[in-house]
Amino acid sequence: MPLDTLPDSVRILGPVEGRAVEVLTPEALALVAELHRALDGRRKTLLKAREARQVRFDLGEVPDFRTDTAEIRSSDWRVAPIPKDLLDRRVEITGPTDRKMVINALNSGAKVFMADFEDATSPTWDNVVEGQINLKDRWSGDLGFADPATGKSYALGDKPAVLLVRPRGWHLVERHIEVDGEPVAGGLFDFALYLTHNAQAALGQGSGPYFYFPKLESMEEAALWDDACRIAQSRLGLPVGTIKATILIETITAAFEMDEILHALKDHIVGLNCGRWDYIFSTIKRLGLNPDFLTPDRGRMVMGEAFLRAYSKKLIATCHRRGAFAMGGMAAQIPIKGDEAANAAAFAKVKADKEREAGDGHDGTWVAHPALVPVAMEVFDRLMPGANQLEIIGDGATIGQAQMLAMHDGPRTEAGLRENIRVGIQYIEAWLRGRGAVPLYNLMEDAATAEISRTQVWQWLKLKATLDDGRVVDEALVRAVIDDEVSRMPTNLARLGDAVSLFETLCFAPRCESFLTLPAYEALDG
């Protein structure tokens, strides 16, 4: 169907070139329009509710389990049955949707690949459209790539990982598509295009339309995705429950509504995931003005201790009681060429982290690099001989508010401040150039790391934190460290000045900006 058959109420503001016409079809955009008209008002209302709740947090309120949903938590119910190809998810790999990455991830040996339109993708128009083309080619059998730089060819193997797609969160819009004169939600755009072009093909090949939904903060936000699933299934002629989703529990508020989120999506949900990096960011953002939640160096906030340990164990108990998977968190290490000793040390940390997860009862885990797949796989093969651990509840059911809010102990150091500044600025610079997954200092970083970096500097400034050497973190100190760190950065970073300006604006802001990607999107080329 030609694009000139689009209704007048739908406008494409980005270029439609080359193969873009294959995914920007009238059928796909009609679903975008239907979802927008049905759900965008509620989406905006829920975002306003986040702002109102933040005001209460700034005044001293802290998260707690809801009294109005106690019956959901106490009653017996379970989520709908899980599809066969999702019963074993012991190792999942994540990454952006560029063509070479998609092929390598699907061929990595992981059970699942999460193609990420969110934190690992800088949402330029080209990135978003080309990502949809690449995923369409996976299901049509046309996914291949010839690297012009090396001449090496890449092709999909015989046993690719199960494909899940992470659309953007509720807070982000896609400015290149308007319906009735308004930009559409980026998540609904990503969701609708992938479903339209791939749901039937995936089902025909023994899989299905599977998603990860990010950044939820309440059961009402989960219910919004449930309604999106129902509308899309109706339009595409799919039975209710065909779409299956895993929800990332990566906000401090969602952690107190895990039962409720599962219940809101019970026909479509298969599990929850510990989104550890965004969870730290969310905790700082929501509770950052409360001195009781002054954070130590981010390197001290590990999953085996304090509120991170509590939420991980609570997630396992909650999910398994409801027949849903409890997925572990990310290992972001990447191999260091020519340094076997450093690699061995890094892989040992990954192994210990995955042994904790498998031992606690998680059904699988995340890695960011193919080299970590066999490391995580060995642990889960050894400690989880079955396909999953749905029968293990553990001791998380009794974990209460106090444990969920127990802050990590540890110092605040100049080295920690410098790491935040160094990583935060360089990630933002790469993001502004269209790169969302960025290797920095032997870790694969995405937007969540930069969010921790800038919110922690903001918190330390607001609470006048004292470093371990007795100095108070003030504007003069932070500006001096920024100047010093920037002077050491590579000189060929094209958007460095813009990145420094944005980072400083975020750190010195009177209130914590909800997401750095919101102002960054305004400065993004393309």
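**Exercise 1. Determine how many cavities of 30 Å³ or more the chain holds, and describe what lines them.**

Solution. On a 1 Å grid over the protein atoms alone, a cavity is a set of points where a 1.4 Å probe fits but cannot get out, and lining residues have an atom within 4 Å of a point. By this rule there are 2 cavities of 30 Å³ or more. This is a predicted model, in which local features need pLDDT of at least 70 and side-chain atom pairs count only at pLDDT 80 or more, whereas totals for chains, interfaces and linings use all residues. Residues are numbered from 1 along each chain as its sequence is written, and side-chain values use heavy atoms, with hydrogens and water left out.

Take the largest cavity, with about 120 Å³ of space, where a volume is the space filled by probe spheres set on grid points joined across faces, edges and corners. It is lined by 17 residues, and E118, D119, L172, A447 and T517 are the closest to its centre. Two elements, α9 and α15 (447–462), each give two or more residues to this lining, and α15 provides the largest share, 3 residues; helices here are DSSP runs (H or I, at least four residues), numbered from the N terminus.

Turn then to the second largest cavity, which holds about 30 Å³ and is lined by K215, E217, E250, T251, D278, F281, S282, K285 and F515.

**Exercise 2. Describe the second largest pocket by its volume and its lining.**

Solution. A pocket, unlike a cavity, is an open set with protein on both sides within 12 Å along at least five of seven lines. The second largest pocket has a volume of about 610 Å³, and among its 26 lining residues L47, E51, E513, S514 and L518 lie nearest its centre. At least two residues of the lining come from each of α2 (26–58), α9 (276–287) and α18 (517–523), with α2 giving the most, 8 residues.

**Exercise 3. Decide whether H362 is buried or exposed, and identify its polar partners.**

Solution. First place the residue: H362 sits in the loop between α11 (340–360) and β13 (364–367), strands being DSSP runs of E with at least two residues. Its relative accessibility is 1%, so H362 counts as buried, the class for values under 20% with a 1.4 Å probe and protein chains only.

Next, the side chains of H362 and S312 are joined by a polar contact of 2.9 Å (a pair of N or O atoms within 3.5 Å, one able to donate a hydrogen and the other to accept it; residues adjacent in sequence count only if both atoms are side-chain atoms). A polar atom of the H362 side chain also lies 3.5 Å from the backbone nitrogen of G328.

Technical notes:
Buried means under 20% relative accessible area, exposed over 50%, partly exposed in between (1.4 Å probe, protein chains only).
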